[in-house]
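Where inside a folded protein is space left empty, and what surrounds that space? Please look at the structure below with these matters in mind.

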Amino acid sequence: MAESGGRPFAGVRLEGEGFVLRAWQHDDLDALVRHADDPLVPRGLSDRFPHPYTRADGEAFLAGRVVDLDHPVLAIEIDGEACGGIGVRPRHGEKAHAAELGYWLGRRHWGHGHMTRIVAAYLKWAVPALDLHRIEANVLDVNPASARVLEKNGFQQEGVRRAAVRKPDGLHDLRLLGRIWP
């Protein structure tokens, strides 16, 4: 049974070619752990996405203790199961017109063009729904595929923060990509 906990975006359901975007549900736990517990998935993500990815990590995420699930953080469902996530973190105050985009997808679904279509569908909904005019995303230098997804969706590189992130294999550059809506 799906539980939403009264979250504001619990009723969102976006259908696209080969995928559905919807609220995370407690019964997504097994699929979440299966797709997230892959050493290649978190290599380009922040430390909030651990490896190994345990059941306890999945439970904490689904309970809203890792990211704020009151924000529009949606599960990516392909072939009937949650296999990734996408969301924006809205800014506040004088930056309330902007948000930071983040996403991940289980490796089984890489290389099929899903993320380009998913990002397009998500932003088509999120930008007007949240009255946003700027979306930005940070991409680690080891993740050129993610930068390509963003560029295919109209994002432009705005800068590079050199040696900005320390990962187990050393320091990495962080690329900032952004897109403006009128």
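The report that follows describes a helix, a cavity and two pockets.

The model is predicted, and the values given here were computed from it. As background, rolling a probe the size of a water molecule over the atoms shows where empty space is left.

**An enclosed helix**

Helix H1 covers residues 29–36, and because six of its eight residues are buried, the helix is largely enclosed by the rest of the structure. The buried residues of H1 are Leu 29, Ala 31, Leu 32, Val 33, His 35 and Ala 36, where buried means under 20% relative accessible area. These buried residues pack against helix H2 (55–62) and also against two strands, E4 (81–90) and E5 (98–105).

**The cavity**

The structure holds one cavity of 30 Å³ or more, and the volume of the largest cavity is about 80 Å³. Its lining is made up of 10 residues, and those closest to the centre of the cavity are Arg 7, Ala 23, Trp 24, Leu 69 and Val 73. Sorted by class, this lining has seven nonpolar residues, two polar residues and one charged residue.

**The two pockets**

The table sets out the volume of each pocket and the number of residues that line it.

| Pocket | Volume | Lining |
|---|---|---|
| Largest pocket | about 960 Å³ | 37 residues |
| Second largest pocket | about 450 Å³ | 22 residues |

Which residues lie nearest the centre of the largest pocket? They are Ser 46, Arg 48, Arg 89, Gly 102 and Tyr 103. At least two residues of the lining of this pocket are supplied by each of H2, E4, E5, strand E6 (134–140), helix H4 (144–152) and strand E7 (156–167). H2, E4 and E5, against which the buried residues of H1 pack, are thus named again among the elements that line the largest pocket. When the lining of the largest pocket is divided by class, there are 21 nonpolar, nine polar and seven charged residues.

In the second largest pocket, the residues nearest the centre are Trp 110, Met 115, Ala 145, Ser 146 and Val 149. Here E5, helix H3 (114–129) and H4 each supply at least two residues of the lining, and the largest share, five residues, comes from H4. The lining of the second largest pocket has 10 nonpolar, nine polar and three charged residues. Strand E5 and helix H4 each supply at least two residues to the lining of the largest pocket, and each of them also supplies at least two to that of the second largest pocket.

Note on methods. Residues are numbered from 1 along each chain as its sequence is written. This is a predicted model: local features need pLDDT of at least 70, side-chain atom pairs count only at pLDDT 80 or more; totals for chains, interfaces and linings use all residues. Side-chain values use heavy atoms; hydrogens and water are left out. On a 1 Å grid over the protein atoms alone, a cavity is a set of points where a 1.4 Å probe fits but cannot get out, and a pocket is an open set with protein on both sides within 12 Å along at least five of seven lines; lining residues have an atom within 4 Å of a point. Grid points are joined across faces, edges and corners, and a volume is the space filled by probe spheres set on the points. Ala, Val, Leu, Ile, Met, Phe, Trp, Tyr, Cys and Pro count as nonpolar, Asp, Glu, Lys and Arg as charged, and the others, Gly among them, as polar. Buried means under 20% relative accessible area, exposed over 50%, partly exposed in between (1.4 Å probe, protein chains only). Helices (H or I, at least four residues) and strands (E, at least two) are DSSP runs, numbered from the N terminus. Contact means heavy atoms within 4.5 Å.
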